[in-house]
Amino acid sequence: MQDCIFCKIINKEIPNYTVYEDSHVLAFLDITPRAKGHTLVIPKVHAETLLDLNEEIAKELLPAVQKVMNRMEAVLKPDGYNVGWNHAEAGGQVVPHVHIHVLPRWNGDGGGNMHSIVDSASDVDVAEVARLFG
Ligand code: 5GP
Ligand code: ZN
């Protein structure tokens, strides 16, 4: 997509520090990293969110994440990772081209975990929600 910053990175109109690349996926260092080696994994086709992405391309993403993590194991040797993505405005997504954050973690780095993203369900009845899913 013409005005998409990540499409411009894919088209090499904007430079990037590539960590891993194949025919469907590009992984590159985040320009404002929250951890050493913070990497973004993106499909080479434009899709705003995972739900807009062709299923065949979606299948390429997790093996690419695994390859990125294998590279990190060799280069940075972190103690752990957080891997995930912000989906839509409510989920904190800023760049409208689906991207998976791979955040290397080190013991004692002061960061949180998935549970520190949100905590808004203290009065939710889980059994009631389960009924909605049938
Ligand atoms: P979001 O908040 O949408 O999940 O994350 C967008 C991420 O893209 C941010 O972490 C931000 O630092 C990164 N980012 C934005 N523009 C650029 C860019 O031009 N180059 C690179 N390498 N990262 C970018
Ligand atoms: Zn794009």
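This text walks through a zinc site and two loop residues in a predicted model.

The zinc ion (ligand 2) has as its protein donors Cys4 (SG), Cys7 (SG), His46 (ND1) and His97 (ND1). These donor atoms lie 2.1 to 2.3 Å from the ion. Along the sequence, the donor residues follow the spacing C-x2-C-x38-H-x50-H. One pair among them, cysteine 4 and histidine 97, links distant parts of the chain. Cysteine 4 is in the segment before α1, while histidine 97 is in the loop between β4 (80–84) and β5 (100–105), and 93 residues separate the two. Both cysteine 4 and histidine 97 are buried.

What is the arrangement of the four donor atoms around the zinc ion (ligand 2)? The angles they subtend run from 107 to 117°. Four donors count as tetrahedral if all angles lie between 85 and 135 degrees, so the arrangement here is tetrahedral. For four tetrahedral donors, the ideal angle at a metal is 109.5 degrees.

Threonine 49 belongs to the loop between β3 (39–43) and α2 (55–75). Is threonine 49 buried or exposed? Its relative accessible area is 10%, and buried means under 20%, so threonine 49 is buried. Leaving out residues up to four places away in sequence, threonine 49 touches His87, Gln93 and Val98.

Isoleucine 14 sits in the loop between α1 (5–10) and β1 (18–21). With a relative accessible area of 27%, isoleucine 14 is partly exposed. Apart from neighbours within four places in sequence, its contacts are Ile5, Lys8 and Ile9. Phenylalanine 133 is 119 residues from isoleucine 14 in sequence, and the C-alpha atoms of the two are 43 Å apart in space.

Definitions and conventions:
Residues are numbered from 1 along each chain as its sequence is written. Chains are lettered from A and ligands numbered from 1 in the order in which they are written. This is a predicted model: local features need pLDDT of at least 70, side-chain atom pairs count only at pLDDT 80 or more; totals for chains, interfaces and linings use all residues. Side-chain values use heavy atoms; hydrogens and water are left out. Helices (H or I, at least four residues) and strands (E, at least two) are DSSP runs, numbered from the N terminus. Buried means under 20% relative accessible area, exposed over 50%, partly exposed in between (1.4 Å probe, protein chains only). Contact means heavy atoms within 4.5 Å. Donors are N, O and S atoms within 2.8 Å of the metal (3.2 Å for Na, K and Ca); water is not among the atoms, so sites may look incomplete. Four donors count as tetrahedral if all angles lie between 85 and 135 degrees; four count as square planar and six as octahedral if opposite donors are over 155 degrees apart and all others between 65 and 115; anything else is irregular.
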